[in-house]
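Open the model in your viewer and keep the sequence panel beside it. The stops below say what to select and what is there.

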Amino acid sequence: MLEVNGSPAEAVGLLMVYSWPGPVPPGARRGTVTMLRCARCGGSLFHTMAKGRPRQEDHEQGCDAFIKAIRIMRYVDEMKRSAPQSAGTRRRRKYLRQSAKELSAAARDPDPVAAVTTLGDAYQAECETPGKRGEVSATTGLAEALMRACRQLALGQDPGPITVRPG
Ligand SMILES: [Zn+2]
């Protein structure tokens, strides 16, 4: 039985080795490349990987993973738009940039729901772990907002624009 880090379902079916017809992507050996497949519809995430964001071409019509991925991406775009005005300190802006990267990676994941749930847990842990003084007040509000947003995105709900409390 193949088992890698937890459930066998995670190891089987998501990763497949393909022969690559076109130009070899950076870092890949000629001939084969490890291709991710959507956890729901099984479509290869070729366009998603190439464009760096979820693409309909990779999924069956109405694929639940794609719909949720798009919602995550919309949230990321909104975050990027609002970050320059809303975030006061450099640390907060940096934190928002980093979080936007993490969330867009979750949107490209073969299982966006699992990825965004994991991310939500990480933000929750951050809220609950007292850090160095100053650091906590600068980003705890953001971590809380992101945790709530991740929970809603995992359910397929729209969290709305990120609201950042002053502090
Ligand atoms: Zn899909």
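The tour goes from the whole chain to one helix, then to a helix pair, and ends at a single residue.

**Whole chain**

Start with everything shown as a cartoon, bearing in mind that this is a predicted model. Six helices and two strands make up the secondary structure of the chain. Followed from the N terminus, the elements come in the order α-β-β-α-α-α-α-α. Colour by accessibility next: the chain has 167 residues, and 34% of them count as buried. If you draw contacts between residues at least 6 apart in sequence, 49% of these join residues at least 24 apart.

**Helix α5**

Select residues 112–128, which form helix α5. The helix has 17 residues, and the distance from its first C-alpha to its last is 24 Å, close to the 24 Å expected at 1.5 Å a residue. Which residues of α5 are buried? Show the side chains of P112, V113, A115, V116, L119, G120 and Y123, where present: these are the buried ones. They lie on the same side of α5, because the arc they cover around the axis is only 160°. Now turn to the other side of α5, where T118 and E128 are exposed.

**The pair α4 and α5**

Keep α5 and add residues 90–108, helix α4. At what angle do the two axes cross? The crossing is at roughly 150°, and the axes of α4 and α5 come within 8 Å. Helix α4 is therefore roughly antiparallel to α5, as angles over 145 degrees count as such. To see the contact, select Y95, S99, E102, L103, A106 and A107 on α4, then P112, A115, V116, L119, Y123 and E126 on α5. Coloured by class, this contact shows nine nonpolar, one polar and two charged residues. Several residues of the buried side of α5 recur here, among them P112, A115 and V116.

**Residue A65**

Move to residues 64–86, helix α3, and select A65 within it. Is A65 buried or exposed? Its relative accessible area is 1%, so A65 is buried, the limit being under 20%. Which residues touch A65, apart from its neighbours within four places in sequence? The contacts are C38, R40 and P112. Put a distance label between A65 and C38: C-alpha to C-alpha they are 7.4 Å apart in space, with their positions 27 residues apart in sequence numbering. End on P112, which is in contact with A65 and also belongs to the contact of α5 with α4.

Conventions:
Residues are numbered from 1 along each chain as its sequence is written. This is a predicted model: local features need pLDDT of at least 70, side-chain atom pairs count only at pLDDT 80 or more; totals for chains, interfaces and linings use all residues. Side-chain values use heavy atoms; hydrogens and water are left out. Helices (H or I, at least four residues) and strands (E, at least two) are DSSP runs, numbered from the N terminus. The expected span of a helix is 1.5 Å times one less than its number of residues. Buried means under 20% relative accessible area, exposed over 50%, partly exposed in between (1.4 Å probe, protein chains only). The arc is that of the directions from the helix axis to the C-beta atoms. Axes are lines fitted to C-alpha atoms, for helices over the stretch in contact, and angles run from 0 to 180 degrees between N-to-C directions. Angles under 35 degrees count as roughly parallel, over 145 as roughly antiparallel, 65 to 115 as roughly perpendicular and the rest as oblique. Contact means heavy atoms within 4.5 Å. Ala, Val, Leu, Ile, Met, Phe, Trp, Tyr, Cys and Pro count as nonpolar, Asp, Glu, Lys and Arg as charged, and the others, Gly among them, as polar.
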